[in-house]
Amino acid sequence: MSALPPDAGAPPPGVQPQQPQWPGQAPPPREARGVAFFVAIFLGILLVASGGLNVLLLLVSVGSLAGAGLGADADGVAYDEVHIAGERGAKHKVLQIGVRGAIAEGGSPLMGAPGGTVSQIKRALRRAADDDVLGVLLYVDSPGGGVTDSDVIYRLLRDFRGKHPDKPVLALFGDLAASGGYYVAAAAERIVARRTTITGSIGVIMSSWNFAELAKRHGVDQIAIKSERTPYKDMLSPTRAMTGEEKAMLTGIVDELFDQFVSVVDEGRDNLDRQGVLKAANGGVYTASQAQALGLVDEIGDHDTALAWFQQKLGKPVAVVEPRRRASLGDLLFGAIAARQGADPVAALLHQSTGPRFLYYWEGGR
């Protein structure tokens, strides 16, 4: 047998020799990742997010530049004009102003245009005063709302008609135009209802819960500190029964506001006298054909019907357009629009922090 050379079995040059591993012996532990590794990951995520934000800002800027000619109102709120009916690109326009949902003036959103229904109508009427707008189409799809908010909108429309007698105003009803929804429409020169419209509910309501009996059974009592000279200060407390004097007081207010509602309809409807209004003003709701028979609406139709009336009235072709608020950067980043749409305006309308309110509102239409 020949002898092995001295370097037999040795690893090649530059290769570390492997340590012998005995059976059952665990492999050496892997080196733990240091803090620097996780800091690098965090910075990478931050860099990607920053890049995405920059892209979003670029898209918003491009969109603003592309639509810069579409307009901005006196509050600096940018809007687009959406074609509704008539010939696209027509030189002369009829501006559609929407009254949709509960009529309520809310607080300012996080970012963007302030206010609720009243603020929206004010902004739209400022746009309607421009020379290229020849008329106003008030599109109502609402169960009504606050007494004051409804009356403010009614007076804004009446004032607009007084200042711009050459710009006709027509109201077109959608699914629902009840109570305050009808109240604001009474300011229009003409009212058209879709054949599926529900309208009416002329009247006033104030709702409040009372848990007096339930509270008594469970030993719950509300402590109200009031002067003997102001015995009605805790009127409508949910933990005690209402007195006859309190009910009479509130009913008197409701009756006065009801008379105001009747007067508004009487003034706005040339085809009805006060007795005719009172015949319809029982708080009930009507179909479009029933409302037409009662004199509450002039015609049953749709946008084409309204368009034909405007063109006959103005003697020239027009297009119906509606201003739609353009989403701002705040809306895109913080979802201000979604937050406003997701809120329940009816709950805020019926029971705000100050308690129940007097309403031109049909509770069945919520």
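This report describes the fold, the nonpolar cores, one helix pair and several individual residues of a predicted model.

## Overall composition

The chain contains twelve helices and 13 strands. Of its 366 residues, 37% count as buried. The area that the chain exposes is about 21500 Å², and carbon and sulfur atoms supply 57% of that area. Contacts can also be sorted by how far apart the partners lie in sequence. Among the contacts in the chain with a separation of 6 or more, 73% are between residues 24 or more positions apart.

## The nonpolar cores

The largest nonpolar core is made up of 52 residues. Within this core, the residues with the most contacts are Ile97, Leu138, Phe173 and Leu296. Leu296 may serve as an example. When its neighbours within four places in sequence are left aside, Leu296 is in contact with Tyr182, Ile191, Ile202, Arg269, Leu272, Ala280, Tyr286 and Ala291. A second core, separate from the one that holds Leu296, has 15 residues. Val94, Leu137, Leu172 and Leu307 are included in this second core.

## The packing of α2 and α3

Helix α2 covers residues 117-128, and helix α3 covers residues 147-163. The two helices pack at an angle of about 10 degrees, and their axes are 10 Å apart. Because angles under 35 degrees count as roughly parallel, α2 is described as roughly parallel to α3. On the α2 side, the contact is formed by Thr117, Val118, Ile121, Lys122, Leu125 and Ala128. On the α3 side, the residues that meet them are Asp149, Val152, Ile153, Leu156, Leu157 and Phe160. By type, the residues of this contact divide into nine nonpolar, one polar and two charged.

## Two serines with positive phi

Most residues other than glycine have a negative phi. Ser179 has a positive value, with phi near 50 degrees. Ser179 is located in the loop between β5 (169-178) and α4 (180-185). Ser201 likewise has a positive phi, near 55 degrees. The loop that holds Ser201 runs between β7 (198-200) and α5 (212-217).

Are these serines buried or exposed? The relative accessible area of Ser179 is 0%, and buried means under 20%, so Ser179 is buried. For Ser201 the relative accessible area is 6%, which is also under 20%, and therefore Ser201 is buried.

## Three residues with some accessibility

The table below lists further residues with their relative accessibility.

| Residue | Relative accessibility | Class |
|---|---|---|
| Met249 | 34% | partly exposed |
| Val285 | 31% | partly exposed |
| Asn282 | 56% | exposed |

Met249 is placed in helix α6, which covers residues 244-268. Its relative accessibility of 34% lies in between the limits of 20% and 50%, so Met249 counts as partly exposed. Not counting residues up to four places away in sequence, Met249 touches Tyr232 and Met235. Tyr232 and Met249 are 17 residues apart along the chain, and their C-alpha atoms are separated by 9.7 Å.

Val285 belongs to strand β8, residues 285-287. Which residues does Val285 contact when its neighbours within four places in sequence are left aside? The partners of Val285 are Ile198, Thr199, Ser201, Gln290 and Trp362. One of these partners, Ser201, is the buried serine described above. Val285 and Ala178 are 107 residues apart along the chain, yet their C-alpha atoms are separated by 7.3 Å.

Asn282 lies in the loop between α7 (274-280) and β8. Since exposed means over 50% relative accessible area, Asn282, at 56%, counts as exposed. The C-alpha atoms of Asn282 and Gly200 are separated by 8.9 Å, while the two residues are 82 residues apart along the chain.

Conventions. Residues numbered from 1 in each chain as written. Predicted model: local features only at pLDDT ≥ 70, side-chain atom pairs only at ≥ 80, totals over all residues. Heavy atoms only, no water. Core = buried A, V, L, I, M, F, W, Y, C linked by side-chain atoms within 4.5 Å. Buried < 20%, exposed > 50% of the residue type's maximum accessible area, 1.4 Å probe, protein only. Contact = heavy atoms within 4.5 Å. Helix = DSSP H or I, 4+ residues; strand = E, 2+ residues; numbered from the N terminus. Areas by Shrake-Rupley, 256 points an atom, 1.4 Å probe, with all protein chains shown as cover. Axes fitted to C-alpha atoms, helices over the stretch in contact; angles between N-to-C directions. Parallel < 35°, antiparallel > 145°, perpendicular 65-115°, else oblique. Nonpolar A, V, L, I, M, F, W, Y, C, P; charged D, E, K, R; others polar.
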